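Trainee: I am new to this structure. Could we go through it together, one question at a time?

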Amino acid sequence: MATSFLPGLVFILGITNIVYLALVSLSCRCMLNYHLSKKLWASPFYQKFYSYHCWYWRIFFVSVLLHATLALIVYGIPF
C-alpha cells in the first residue's frame, strides 16, 4: 500500500523535526542563560529571528504529526 516516495518523505519529515526543534530551542528565551540572552536581545538579527518563534512551533507540530502518521502507515505498529 505504501508507495515508494513515502519512506523518503518520512525521512525528510524526521530531518525537518530536528531542524525545527533546533530553531524553537534557539529562539526560546527560556532556553538561554541570562548573560547570553542579554547580549542576543541587543542584536537586531536575534530580534527578527525571535519574531518567528511561534511559526517555528507551528511548523514543528505539523511536521511531527505528519511524520508520526506517515511512519505508522509505512512501517506499521511494531508490536
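Trainee: Leaving out residues up to four places away in sequence, which residues does V10 touch?

Mentor: Happy to start there, and keep in mind that this is a predicted model. With residues up to four places away in sequence not counted, the contacts of V10 are H67, L70, A71, V74 and Y75.

Trainee: Which six residues form the largest nonpolar core?

Mentor: V10 is one of them, and among its contacts L70, A71 and V74 belong to this core too. Helix 1 and helix 4 are the elements that give two or more residues to this core. In soluble globular proteins, nonpolar side chains tend to be buried together. The full set is L6, V10, L13, L70, A71 and V74.

Trainee: How far does helix 4 reach from its first C-alpha to its last?

Mentor: Helix 4 covers residues 53-75, which is 23 residues. At 1.5 Å a residue, 33 Å would be expected. The model comes close to that, with a reach of 32 Å.

Trainee: Which elements are included in what covers the buried residues of helix 4?

Mentor: The buried residues of helix 4 are H53, Y56, F60, S63, L70, A71 and V74. Their cover includes two other helices, spanning 6-27 and 44-50. Those are helix 1 and helix 3.

Trainee: Is S63 buried or exposed?

Mentor: S63 sits in helix 4. Apart from neighbours within four places in sequence, S63 is in contact with L13, T16 and N17. Its C-alpha atom is 6.8 Å from that of T16, although the two are 47 residues apart along the chain. Because its relative accessibility is 4%, and the cut-off is under 20%, S63 counts as buried.

Trainee: What does C54 count as, given its relative accessible area of 48%?

Mentor: C54 is also placed in helix 4. The C-alpha atoms of C54 and C28 are separated by 9.8 Å, with their positions 26 residues apart along the chain. Exposed would need over 50%, so at 48% C54 is partly exposed.

Trainee: And T69, what is its relative accessibility?

Mentor: T69 is another residue found in helix 4. Its C-alpha atom lies 11 Å from that of L9, and the two are 60 residues apart along the chain. T69 counts as partly exposed, at 43%.

Trainee: Is F5 buried or exposed?

Mentor: Look at the segment before helix 1, where F5 lies. Together with L9, F11, I12, I15, I18 and V19, F5 forms a nonpolar surface patch with about 690 Å² of accessible area. Its relative accessibility is 55%, and the cut-off is over 50%, so F5 counts as exposed.

Trainee: Last one: which residue just after helix 4 takes a positive phi?

Mentor: Follow the chain just past the end of helix 4. The phi there is about 75°, and the residue is G76.

Methods. Residues numbered from 1 in each chain as written. Predicted model: local features only at pLDDT ≥ 70, side-chain atom pairs only at ≥ 80, totals over all residues. Heavy atoms only, no water. Helix = DSSP H or I, 4+ residues; strand = E, 2+ residues; numbered from the N terminus. Expected span 1.5 Å × (residues − 1). Buried < 20%, exposed > 50% of the residue type's maximum accessible area, 1.4 Å probe, protein only. Contact = heavy atoms within 4.5 Å. Patch = residues over 30% accessible without salt bridge, like charges linked within 9 Å, V, L, I, M, F, W, Y side chains within 5 Å. Areas by Shrake-Rupley, 256 points an atom, 1.4 Å probe, with all protein chains shown as cover. Salt bridge = Lys/Arg side-chain N within 4 Å of Asp/Glu carboxyl O. Core = buried A, V, L, I, M, F, W, Y, C linked by side-chain atoms within 4.5 Å.
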